[in-house]
Amino acid sequence: MNEFSFLLLAFITYLLAMLAGFTSFFRAGSSWRRVSYYLGLGGLMLHSVSLITRTVHSGQAPFTTMYESVSFLAWSCVLAVIIFERKFRLEKTGPYLWLVVVALMALASSPALPKAVSPLVPALQSYWLWLHVSVTLLGEAFLAVAFVASLLYLLTPEKKLSQPGQEARREKLDQLAYRAVAVGFPLFTLGALVFGMIWASKAWGRYWGWDPKEVWSLITWLFYALYLHTRLVHGWKGKKSALIAVLGFLAALFTFFGVNYFLSGLHSYA
Amino acid sequence: MTPGAWKFLASVRLAIALLIIIIILAIIGTLIPQEQEADFYRQHLPRSSALILFLNLDHLYRSPLFLSLVFLFLLNLLFCALQQLPARFRRLRIQEEPITGTGSEVPEPRDRSRLERWLGDDLPRLETIFRKRRYRVRLVTTEQKKVFLARKGLLGLFGPELVHLGLIVIIAGGLISAIFSQRISIALVEGQTEKIPGQNFLLRLDRFTTEYYPDGSVRDWKSLVSVLENGQVRLRKTIEVNHPLKYGRLSFFQMSYGQDWDQTSLELEIGWPEGGLQTIRIKTGESINLENGARLKALSFIPDFQVDSRGQAYSRSPEAINPAALVEMVEGDRQVFLGWVFFGHPDHNRYQRQTLPGLKINLKSFSAPTFSVLEASSDPGANLVWVGSGLLLLGLLASFYLPYREVRLGQRAGTHPVLLTYARKNREGFRQEVSNLLGLAGKKELKDKTDE
Ligand code: HEM
């Protein structure tokens, strides 16, 4: 059994967790949600073994290549889902989150992302790599929860709202998104911006240089600042803030994937 | 300042508008390459180059437009804080007096209700209930009045203000950095000593090493340097990527390295027409007397030889990919040989002048001194940024995880008791929670009004 077998097993387990979750939609009061939760927990264990094996084998942080980072992001998302399921009950949001996890796992295990360990260029050899990337991706995992909840909020058909319980259900999605941002935003601030600035000042002698990756994390962050404040103004809360939470996560995804492929800069090795 | 202008500058609506505009501009700045020459835009973006240059989109993040938006945002944050802080402090300060009356002295917003009876007959019980929930409790009972005050999460009351203050400090630090930070690049070959401009010390590079991974890629660059002051070594340290040297107000970073090709030592092999080989060592720019009485001169060295469209030789890169040397031989004042000789490819040698048929010159080896490029930077704004970041993070923690809670219960002799509750967020939920705690749930309490 190597790192990839465990990754595959975790992938399959997450897939089952997702299926169990969606099954619970059709069987009210069934225990499928519990099944989904425990499958997710099991998948998390298998996935952790895969990440640890990789780390021991490569001797460096498990997020230095795109494959490693996507796998770690998926792992963080699972952690976020488990925590939120325990604390707030994700209800119908849960299975859609598993869908995101499964998509990330599919990407991580696809041949499009090379699996080889690549030696670290000098700028990446720092313990700030561990802090900066892990805290950022953990934050983004919670922002993914807000993304899915907000998307479901936006996709609730207006017609349906007159039905009993639907307005309250949508209100819950709004609450869920806010709670996820309340975890994700501070983590993202700490990991992406503060740790990022500290590391940049150590490696390059300046904490901020308007490098495209830096600017895109700032853009992501500003979206969530916008999200928090739209909730203070009557008329913006609800639909508009949900839209901003969705856009904010898309900005996070672009920072993660897009900047390396479409824009050039100092960060282009990562 | 008119009240209207004040309100505008302190408004969340302005904050939302500014955030949206700044996001859009920041995105544009990542789509248009920054800090290029004007010609770059004319060449690559011919249709929009005029607009780009006119709007300063080529250096967007330091353009007057962007900076004034940031400045307006700074004002917005300041006015917002000035608007919020007095009420926050008043809330902390006011402890008992006001709530014995109508409660109107407690800053808004507040949720107020008039109760039918005083709940404090069992004051110790009330106290225990709230203390158990980590509230700080204060009790005053005299003939004239009874006051019960319980609250917790004082830092949470100031959460947003700490966040905003942190941002103000960070932006201030950023402005100071933009104006006062300095960066100087210093290239040193081994053994070279250089005075650092504006400082009273010198820096000497003692040794420069490059370490490689087994696959040949670079693992690290290390510069062992000495700091010299008044002719004495004050400090020796190895500077590596991610491990700068701090000395005085400057930090020295390992930025890059290179080879000084103008100082290349060449090993040349000369094959005489009449047979026989002579090997000589020569540095670029030097000349040397040969066996036959001629002089050989190494005119120049190019590490990555290329010829441009006009036939001029130049180096495509600073790496030794296609090394070549230009060599000249003179007898008296007559040039008898001139040609480019290539390392590793003698068959490519280009003789431009050859008056001695059969003469061959080959480049056997070459070496150039390596120099290390260090960057000295001083950034007086950085510390403010770190302080601001700390405040920002503390503020976020307080905003989201230390919710402020306040319960006031008071009665003046001969009047109805008054209950006032306040939480920064989810006030209705908190009111409900307090009602349950006080055993009011389901009872008829007279809720006057909730001030919004
Ligand atoms: C990027 C900039 C900003 C960030 C990151 C930021 C962050 C925050 C945070 C984290 C909160 C607490 C939110 C919550 O408890 O849900 C908050 C609240 C608030 N912010 Fe900002 N803020 C920013 C800019 C501004 C500006 C420019 C204003 C100016 C009007 C402003 C006005 C407010 C107000 C009025 C509150 C509500 C305070 C309360 O709940 O009592 N913010 N902000």
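These legends accompany close-up views of a predicted model.

**View 1. The ligand sits between chains A and B.** In this predicted model, 26 residues surround the ligand. The closest come from both chains: A:Tyr178 and A:His229, with B:Arg88, B:His164 and B:Arg424. By class, the shell holds 17 nonpolar residues, six polar and three charged.

**View 2. Polar side-chain atoms approach the ligand from A:His229, B:Arg424 and B:Lys425.** For A:His229, a polar side-chain atom lies 2.6 Å from a ligand nitrogen atom. B:Arg424 places a polar side-chain atom 2.7 Å from a ligand oxygen atom. An N or O atom in the side chain of B:Lys425 is 3.0 Å from an oxygen atom of the ligand.

**View 3. Helices of both chains contribute to the ligand shell.** Elements giving two or more residues in chain A are helix H6 (166-203) and helix H7 (212-230). In chain B they are helix H2 (12-31), helix H5 (64-93), helix H8 (159-180) and helix H9 (382-401). H5(B) gives the most, with six residues.

**View 4. H6(A) and H7(A) cross beside one another, with axes that come within 10 Å.** The crossing angle is roughly 150 degrees. An angle over 145 degrees counts as roughly antiparallel, so H6(A) and H7(A) are roughly antiparallel to each other. Their crossing is left-handed. Both helices are among the elements that give two or more residues to the ligand shell.

**View 5. Chain B carries the UniProt feature "transmembrane region" at residues 12-32, 65-85, 154-180 and 384-402.** The feature comes from an unreviewed entry. For residues 12-32 of chain B, the end C-alpha atoms lie 30 Å apart. That span is 95% helix and 0% strand. For residues 154-180 of chain B, the end C-alpha atoms lie 38 Å apart. Here the span is 96% helix and 0% strand.

**View 6. Chain A has "transmembrane region" entries in UniProt, including residues 6-28 and 35-53.** This entry is also unreviewed. Further listed ranges include 176-200 and 215-230. In the model, the end C-alpha atoms of residues 6-28 of chain A lie 33 Å apart. The span is 91% helix and 0% strand. Residues 35-53 of chain A have end C-alpha atoms 27 Å apart. That span is 100% helix and 0% strand.

**View 7. Helix H1 (residues 3-26) and helix H3 (residues 66-88) of chain A pack with their axes 13 Å apart.** The packing angle is about 40 degrees. Angles under 35 degrees count as roughly parallel; H1(A) and H3(A) are therefore oblique to each other. H1(A) passes H3(A) in a left-handed crossing.

Definitions and conventions: Residues numbered from 1 in each chain as written. Chains lettered and ligands numbered in written order. Predicted model: local features only at pLDDT ≥ 70, side-chain atom pairs only at ≥ 80, totals over all residues. Heavy atoms only, no water. Near = heavy atom within 4 Å. Polar contact = N/O pair within 3.5 Å; in protein donor to acceptor, adjacent residues only side chain to side chain. Helix = DSSP H or I, 4+ residues; strand = E, 2+ residues; numbered from the N terminus. Nonpolar A, V, L, I, M, F, W, Y, C, P; charged D, E, K, R; others polar. UniProt positions renumbered as here; feature names shortened; annotations may be inferred. Axes fitted to C-alpha atoms, helices over the stretch in contact; angles between N-to-C directions. Parallel < 35°, antiparallel > 145°, perpendicular 65-115°, else oblique. Left-handed = near helix turned anticlockwise from the far one by under 90°.
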